[in-house]
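These are my notebook entries on a two-chain complex. I looked up confidence, individual residues and the contact between the chains.

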Amino acid sequence: MASELQLIEAAKAGSADAFADLVRSYRERLLRFLLTRCSSLADAEDVLQDTLISAYRYIHSYDPRWRFSTWLYRIAIRNAGKLRAPDLVDVDSVSGLHDEENDPLLQCIADSERENLWIAARRLLNDDVFAAMWLRYAEDMSVNDISTALDRSVSWTKVNLMRGRRALDDELNDAAEESEAYG
Amino acid sequence: MPPKKVKPMDKLAKQLRDDAEQINVSVSDELDHRIAASLRAVTPVEESKRTPVVRPPLFWWASTITGVAAALAVIAIVNWQADEQPVSTPVPLAELQPPIELNMEAAKLTAPLQQELDALQSDLKKAEEKVRRDIGL
């Protein structure tokens with residue numbers, strides 16, 4: 001089986017199949033992430049398609065010093081921002097984007113006794129902090145990779161990961177206290 | 001070498017990871033075909049194609065000639081303005097002052113002063129005699 005680097009080289013040479021193989025393992029992860037940032041599944045799919053096309057088109061600009069996933073996420077975040085920006089008065093506010101009935105994220109989450117933490121995260125955190133938290137805890141990315149993907153400084157990333165954690169910790173504690181109160 | 005300590009995943013991190021996995025989403029066949037078709041329709045942009053546009057050689061010749069002409073014009077204007085300014089030739093300082101020979105004797109240097117003093121004394125004497133004559137002494 002060809003390594004990631006070999007597939008990248010083949011894609012640079014113009015092999016669409018090699019590129020398709022290269023991104024196959026990333027597609028669902030990207031779509032899951034995009035679902036948290038788009039107002040519908042169709043939008044998330046469109047952004048995923050645009051992201052993969054852009055990545056293939058500009059594969060020559062990929063710097064092998066980065067992880068390939070970091071580079072893909074960087075493109076995806078930019079594309080998702082482009083899609084959303086004209087529709088929003090306040091781009092940082094995510095909470096106004098989804099109504100409960102049509103929220104694609106809610107539709108894709110299995111029924112559970114407690115609220116999915118990512119729903120709470122989307123409600124409590126702004127776009128970039130949410131993305132940083134997602135890349136850290138859902139994608140297991142390093143702080144350096146997150147700062148590269150978000151085009152932010154390492155210190156910004158560290159501080160906002162800490163803030164995001166604190167906000168979600170408080171939310172978790174409040175939920176625990178409530179469930180205790182109701183027995 | 002002691003084994004590297006692995007930081008245990010805290011409760012929040014574990015819950016975030018578990019909850020991310022709870023989001024059930026998959027790439028549909030339709031999306032898969034769409035992506036494959038659009039990838040086949042696109043070709044990677046080569047590095048060389050993204051470099052700045054190469055200009056024709058005439059462009060460089062034209063800009064060189066224009067630059068040289070502009071420089072010549074500036075030089076000509078500056079020189080023409082310099083000709084119109086009033087000419088003030090500097091006068092050597094040495095010509096304004098009489099030359100003094102520093103190795104001459106002190107008597108020679110004081111001689112003009114002595115002559116002046118003698119003339120003044122003579123004038124004073126004449127004036128004194130005139131006053132005496134006037135008052136009849």
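**Entry 1: a loop residue of chain A.** Does Asp140(A) count as buried or exposed? I note first that the model is predicted. I found 11 C-beta neighbours inside 10 Å of Asp140(A), and the limit for an exposed residue is 12 or fewer, so Asp140(A) counts as exposed. I located Asp140(A) in the loop that joins helix H7 (127-138) to helix H8 (143-150) of chain A. Its backbone drew my attention, since phi of Asp140(A) is near 60°, which is a positive value in a residue other than glycine.

**Entry 2: a second loop residue.** I then turned to Asp151(A), which lies in the loop between H8 and H9 of chain A. I recorded a phi near 60° for Asp151(A), again a positive value in a non-glycine residue. Asp151(A) has 11 C-beta neighbours inside 10 Å and therefore counts as exposed.

**Entry 3: a helix residue.** Where is Glu171(A) placed? I found Glu171(A) in helix H9 (residues 154-181) of chain A. Because 17 other C-beta atoms lie within 10 Å, Glu171(A) is classed as partly exposed. Leaving aside residues up to four places away in sequence, I listed Ala120(A) and Leu124(A) as the residues that Glu171(A) touches. For Leu124(A) I also noted the separation: 47 residues in sequence, and 9.0 Å in space from C-alpha to C-alpha.

**Entry 4: chain B.** I counted five helices and zero strands in chain B. Read from the N terminus, the elements of chain B follow the order α-α-α-α-α. I noted that 5% of the 137 residues in chain B are buried.

**Entry 5: the interface.** How many residues of chain B are in contact with chain A? I obtained 26 residues of chain B, in contact with 34 residues of chain A. On the side of chain B that touches chain A, helix H1 (11-21) and H2 of chain B each supply at least two residues. I sorted the residues of that side of chain B into 14 nonpolar, six polar and six charged.

**Entry 6: a helix pair across the interface.** I examined helix H2 (residues 16-35) of chain A against helix H2 (residues 29-40) of chain B, whose axes come within 9 Å and cross at roughly 140°. That angle makes H2(A) oblique to H2(B); the boundary for roughly antiparallel is over 145 degrees. I recorded the crossing of H2(A) past H2(B) as right-handed. H2(A) makes this contact through Ala16(A), Phe19(A) and Ala20(A), and H2(B) makes it through Ala36(B), Leu39(B) and Arg40(B). By class, the residues of the contact are five nonpolar, no polar and one charged.

**Entry 7: confidence.** The predictor gives the complex an ipTM of 0.80 and a pTM of 0.63. For chain A I noted an average pLDDT of 84, with 84% of the residues scoring at least 70. Residues 88-96 of chain A have a pLDDT below 50, and this stretch has eight contacts in the model beyond near neighbours in sequence. For chain B the mean pLDDT is 80, and 71% of its residues reach 70 or more. Which element of chain B has the lowest mean pLDDT, and which the highest? I found the lowest, 65, in helix H4 (residues 93-96) of chain B and the highest, 90, in H2(B).

How values were computed:
Residues are numbered from 1 along each chain as its sequence is written. Chains are lettered from A and ligands numbered from 1 in the order in which they are written. This is a predicted model: local features need pLDDT of at least 70, side-chain atom pairs count only at pLDDT 80 or more; totals for chains, interfaces and linings use all residues. Axes are lines fitted to C-alpha atoms, for helices over the stretch in contact, and angles run from 0 to 180 degrees between N-to-C directions. Helices (H or I, at least four residues) and strands (E, at least two) are DSSP runs, numbered from the N terminus. Angles under 35 degrees count as roughly parallel, over 145 as roughly antiparallel, 65 to 115 as roughly perpendicular and the rest as oblique. A crossing is left-handed if the near helix is turned anticlockwise from the far one by less than a right angle, and right-handed if clockwise. Two residues are in contact if their C-beta atoms, placed from the backbone, lie within 7 Å. Ala, Val, Leu, Ile, Met, Phe, Trp, Tyr, Cys and Pro count as nonpolar, Asp, Glu, Lys and Arg as charged, and the others, Gly among them, as polar. A residue is buried if 20 or more other C-beta atoms lie within 10 Å of its own, exposed if 12 or fewer, and partly exposed in between; C-beta atoms are placed from the backbone. pLDDT is the predictor's confidence in each residue, from 0 to 100.
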